[in-house]
Amino acid sequence: MADAPAKPISIAMHGAAGRMGQRIMHFMASDPAVVLGAAIDRPDSLHIGQDAGVLIGLGPMGEPLRADLHKTVDVVIDFTAPDATMPIARRCAEGKIPLVVGTTGFEPEQRRELESFAATIPLFIASNFSKAVNLLFHLAGEAAKSLGNSADVEIVERHHRFKKDAPSGTALTLAHVVAKAIGSADFVHGRSGQTGERPTGQIGVHALRTGDNPGEHTVVFGLMGECLELSHRALNRDGFARGAIDAAKFLAGKPPGLYTMADLLAAGG
Ligand code: NAD
């Protein structure tokens, strides 16, 4: 007799009415390995009470948008804003529910509290769920290591006009990867006025906000007489959405701990 199919992983989408939340629910709807367990957004959202499937144009999915997590699920995925992530993270820690966090822009203190929950629950945090961007992290580190202080490193990111944090979490991750490789964390965010000559070891980080751009990152390595640029361009949000679902599948059933894209990719995800 054939094995019974594994029970689908029940996922609560926190930030369900947002750009990422909607795209993630879209992919969940066509993936038999997962099921939408709950769709959550802010209490004053106009979509509270609306069926999540109707919201994303697919027809009823049987889960109305709610203002809180009303039942237990296998995993929560969060794409909201830092002040909204913290309460759902505390709720997950209390309920021992694994949590995937895609939200960016945490203050250092929030980030510390968030990471502390990894002692209680499996917690997956990624500033970028795209596989290609995670390859860019690796390549940028290798290039920085190889070129050392002979190159001036500048990181330029572009995002849509609605983005709330700057620079992007991905640009910050890139800056830290480069800093580790060259042994200098002299970050400068934009430049203006009489800034003087550029010191060796400085890492420039620049944020452009324009139109509906889903996200572009370029790491510029400027040398005398030549320039190396490593770039990633998201054409839409699909890579992030698929990566977040893969992270949720990876996290379900794991012991408490802090997991990252490096763990997912090492596991072949
Ligand atoms: P968005 O503004 O379109 O969506 C955010 C959603 O969260 C909205 O529906 C909003 O109503 C909801 N929300 C806000 N406060 C809430 C609360 N208290 N409780 C419940 N829901 C609440 O934003 P977005 O473009 O979907 O991005 C969301 C976050 O994800 C941002 O921090 C962004 O930088 C990040 N992001 C990360 C990745 C990644 O790969 N890690 C990719 C894209 C975006």
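Strand 7 (residues 152-159) runs parallel to strand 9 (residues 202-209), and the two are joined by seven bridges; two strands count as paired if DSSP finds at least two bridges between them. One of these links puts E157 opposite A207 of strand 9. This is a predicted model, where local features need pLDDT of at least 70, side-chain atom pairs count only at pLDDT 80 or more, and totals for chains, interfaces and linings use all residues. Residues are numbered from 1 along each chain as its sequence is written, and side-chain values use heavy atoms, with hydrogens and water left out. Helices (H or I, at least four residues) and strands (E, at least two) are DSSP runs, numbered from the N terminus.

Now zoom out to the whole sheet. It's an open, mixed one with five strands in the order 8-9-7-10-11. Strand 8 (186-189) and strand 11 (226-233) sit at the edges, each pairing on one side only.

Next, the helices around it. Helix 6 (residues 169-182) packs on the sheet and touches strands 7, 8, 9 and 10; contact means heavy atoms within 4.5 Å. Its direction makes about 170° with that of strand 9. Angles run from 0 to 180 degrees between N-to-C directions, with axes fitted to C-alpha atoms, for helices over the stretch in contact. Helix 5 (residues 131-147) lies across strand 10 (216-223) and strand 11, at about 165° to strand 11.

Finally, there's a helix pair to look at. Helix 1 (residues 19-29) and helix 7 (residues 238-251) have axes that come within 9 Å and cross at roughly 65°. Helix 1 brings M20, R23, I24, F27 and M28 to the contact, while helix 7 brings D238, F240, A241, R242, A244 and I245.
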